[in-house]
Amino acid sequence: ATPRGPPGHAHPRAPLMKITPPTPPGMSPAPDRGLFNPSERKRMRWLLITFVLVVVSLAVMLQRESQRLAEEAEAQRSQQAREPELETVVVVPEIDVARLEQLARDSTPGERALLEPAALTQAFRDARLLTDKLFEPMGGRALDADAAAQLVAAPSDHRGGLFRAHGWVDRFRRYAAAGDLPAHTRGLLRLEGGGQAWFAVIAEPERGLVEDDFVRLDGLFVEAYRAEDDGGGCIEAPLVAGPRAVTAFPRLDPVAELDPETFAEVTDDSIAEGISGQPFHPYWELVSYVRNLQPGQVDWSQAPVLDRETMSQLAMDGASFRAQPLRLPLSQVMDSWSQVQKDNPLRIERLTEGWIGNEKWFGPANGVIRYVSPFAFPAIDRKDEVLAQGFFLKHLAYEPSKGGVAIAPFFVLSSIEEHTPVVDKTWQRLLIGFTVAVLLLAGVIWTMLLRDRRRSAQLQDCLLYTSDAADDRTWGWVGGG
């Protein structure tokens with residue numbers, strides 16, 4: 001037999017064979033390159049696919065919701081575009097100011113003492129088409145003490161101007177037709193705002209003029225006219241000529257408190273019991289009260305809300321709510337416009353009028369209320385959702401578009417506020433929350449995988465080091481000798 005010596009001695013020997021310890025169960029060797037082994041990469045791939053699918057699904061749902069909201073907004077804009085506001089064109093009569101200036105004679109006190117029939121005839125001719133609705137488009141002015149003084153001081157600067165006079169009839173006289181000058185009535189007014197004015201009208205009120213009657217007339221300024229008064233003095237005042245004088249009402253002082261006696265005789269319209277219409281003085285007193293309402297004067301937080309139950313009570317017993325404050329819940333404007341007013345004791349030229357509807361009011365009422373307000377609401381338009389507050393006056397009859405007679409509660413509103421709907425961001429919040437949660441979860445999983453990877457690498461290094469240290473014992477001589 002061939003003797004064996006220690007390693008390192010040069011002697012013939014059989015080939016060496018390395019004995020590698022087996023890999024423990026459940027462990028895989030460290031990859032040659034890359035952060036994860038194949039099984040870990042497979043798990044990460046499925047996790048990434050799941051995350052992408054969830055995010056894409058939420059994004060699609062969010063996109064559809066946003067598209068729905070955009071389509072609703074576009075439909076509303078299209079509806080408004082199909083309903084353009086109609087522009088009202090008012091045709092006003094032509095006033096021949098130059099001709100009137102040529103005919104009038106009022107430069108000196110002597111000329112003012114003589115009324116020029118030709119000038120008055122021309123004024124009647126130009127004023128024959130005047131109506132209440134033309135007062136505003138023609139730039140009419142109220143004739144008070146200050147305006148009267150301006151006309152007398154500089155008549156040529158105001159010749160042919162349109163003025164509205166309110167006052168008490170101090171004296172008057174009727175004149176027959178003479179040539180081109182038609183039959184008319186001339187007289188003197190004590191102006192409501194102070195001062196005096198001469199007037200000439202073709203038509204008197206239906207029951208005729210009576211001294212101390214309160215009347216209103218719209219007329220053109222003709223000239224400054226001077227005449228004697230009953231005491232032997234002279235009254236120098238502007239002369240206005242118009243087509244008619246009408247019975248009017250003295251100016252109502254601002255109403256600061258509502259008097260229950262004013263509304264005691266107001267009755268609600270009823271198809272069964274009769275229709276009394278709009279009461280004149282209670283109506284204008286309530287409008288004046290709302291117009292002069294001071295902040296904090298009414299505790300609106302304590303005012304009843306006009307919900308279905310309250311509307312039922314209102315329909316059954318309107319007298320209990322007469323001139324009482326009420327709050328309108330979120331409702332829709334059916335229509336709203338600025339309405340020129342006839343002669344009234346507030347001397348107010350326009351009121352905002354309209355209709356407000358609410359589906360909760362169907363049953364107790366026809367689903368609508370009618371309203372007026374002394375305030376302008378230019379931002380409020382048809383189909384707007386609003387919150388409002390005001391005072392109930394009465395149940396008022398009206399004629400619906402389909403004909404017949406219907407009854408609706410009538411309100412004088414002190415405020416109308418447009419309701420801005422809150423945009424629902426639930427889907428956006430859910431998407432953001434889910435994305436953050438998934439990212440946090442992915443970060444946690446990533447951290448755990450890295451930790452496990454480091455521990456696996458450390459364990460593998462430890463096993464390799466143990467194997468290398470035992471190499472001297474695992475090398476052996478194979479062969480015989």
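## Arg 164 and its partners

The side chains of Arg 164 and Asp 218 are joined by a polar contact of 2.7 Å. The model is predicted. Arg 164 sits in strand 2, which spans residues 162–175. Is this arginine buried or exposed? Arg 164 counts as buried because its relative accessibility is 16%, and the cut-off for burial is under 20%.

Leaving aside neighbours within four places in sequence, Arg 164 is in contact with eight residues named here in two groups. One group is Asp 132, Phe 135, Arg 141, Ala 142 and Leu 143. The other is Arg 216, Leu 217 and Asp 218.

## A cavity beside these residues

How many cavities of 30 Å³ or more does the model hold? The count comes to 1. The largest cavity has a volume of about 60 Å³. Its lining includes Asp 132, Arg 216, Leu 217 and Asp 218, and each of these residues is also in contact with Arg 164. Leu 130, Thr 131, Pro 243, Arg 244 and Val 246 line the cavity too.

Two elements give two or more residues to this lining: strand 5 (214–228) and strand 6 (234–247). By residue class, the lining divides into 4 nonpolar, 1 polar and 4 charged.

## Helix 4 under cover

Helix 4 covers residues 117–127 and is mostly covered, with 8 of its 11 residues buried. Which residues of helix 4 are buried? They are Ala 119, Leu 120, Thr 121, Gln 122, Ala 123, Phe 124, Asp 126 and Ala 127.

What do these buried residues pack against? Their partners are helix 2 (97–103), strand 3 (184–191), strand 4 (196–203), strand 5 and strand 6. Strand 5 and strand 6 also contribute to the cavity lining.

## Two nonpolar cores

The largest nonpolar core has 23 residues. Which of them touch the most other members? They are Tyr 283, Trp 284, Val 287, Phe 391, Phe 410 and Val 412. Helix 7 (280–291), strand 10 (385–398) and strand 11 (406–418) each give two or more residues to this core. The largest share, 6 residues, comes from helix 7.

Val 412 shows some of this packing. Leaving aside neighbours within four places in sequence, Val 412 is in contact with Leu 286, Val 287 and Val 290. Its contacts also include Val 372, Pro 374, Gly 390 and Phe 391. Apart from the largest core lies another, of 20 residues. Among its members are Leu 314, Leu 326, Val 386 and Phe 392.

## Ser 331 in strand 7

Ser 331 lies in strand 7, residues 325–340. Ser 331 is buried because its relative accessible area is 4%, and burial requires a value under 20%. Which side chain makes a polar contact with that of Ser 331? The partner is Asn 358, at 2.9 Å.

Not counting residues up to four places away in sequence, Ser 331 touches Ile 356, Gly 357, Asn 358 and Trp 361. Ser 331 also touches Asp 384, Glu 385 and Val 386. Val 386 is a member of the 20-residue core.

## The chain overall

The chain has 10 helices and 11 strands. Of its 481 residues, 36% are buried. Among contacts with a separation of 6 or more, 69% are between residues 24 or more positions apart.

Notes: Residues are numbered from 1 along each chain as its sequence is written. This is a predicted model: local features need pLDDT of at least 70, side-chain atom pairs count only at pLDDT 80 or more; totals for chains, interfaces and linings use all residues. Side-chain values use heavy atoms; hydrogens and water are left out. Helices (H or I, at least four residues) and strands (E, at least two) are DSSP runs, numbered from the N terminus. Buried means under 20% relative accessible area, exposed over 50%, partly exposed in between (1.4 Å probe, protein chains only). A polar contact is a pair of N or O atoms within 3.5 Å; within protein, one must be able to donate a hydrogen and the other to accept it, and residues adjacent in sequence count only if both atoms are side-chain atoms. Contact means heavy atoms within 4.5 Å. On a 1 Å grid over the protein atoms alone, a cavity is a set of points where a 1.4 Å probe fits but cannot get out, and a pocket is an open set with protein on both sides within 12 Å along at least five of seven lines; lining residues have an atom within 4 Å of a point. Grid points are joined across faces, edges and corners, and a volume is the space filled by probe spheres set on the points. Ala, Val, Leu, Ile, Met, Phe, Trp, Tyr, Cys and Pro count as nonpolar, Asp, Glu, Lys and Arg as charged, and the others, Gly among them, as polar. A nonpolar core is a set of buried Ala, Val, Leu, Ile, Met, Phe, Trp, Tyr and Cys residues joined through side-chain atoms within 4.5 Å.
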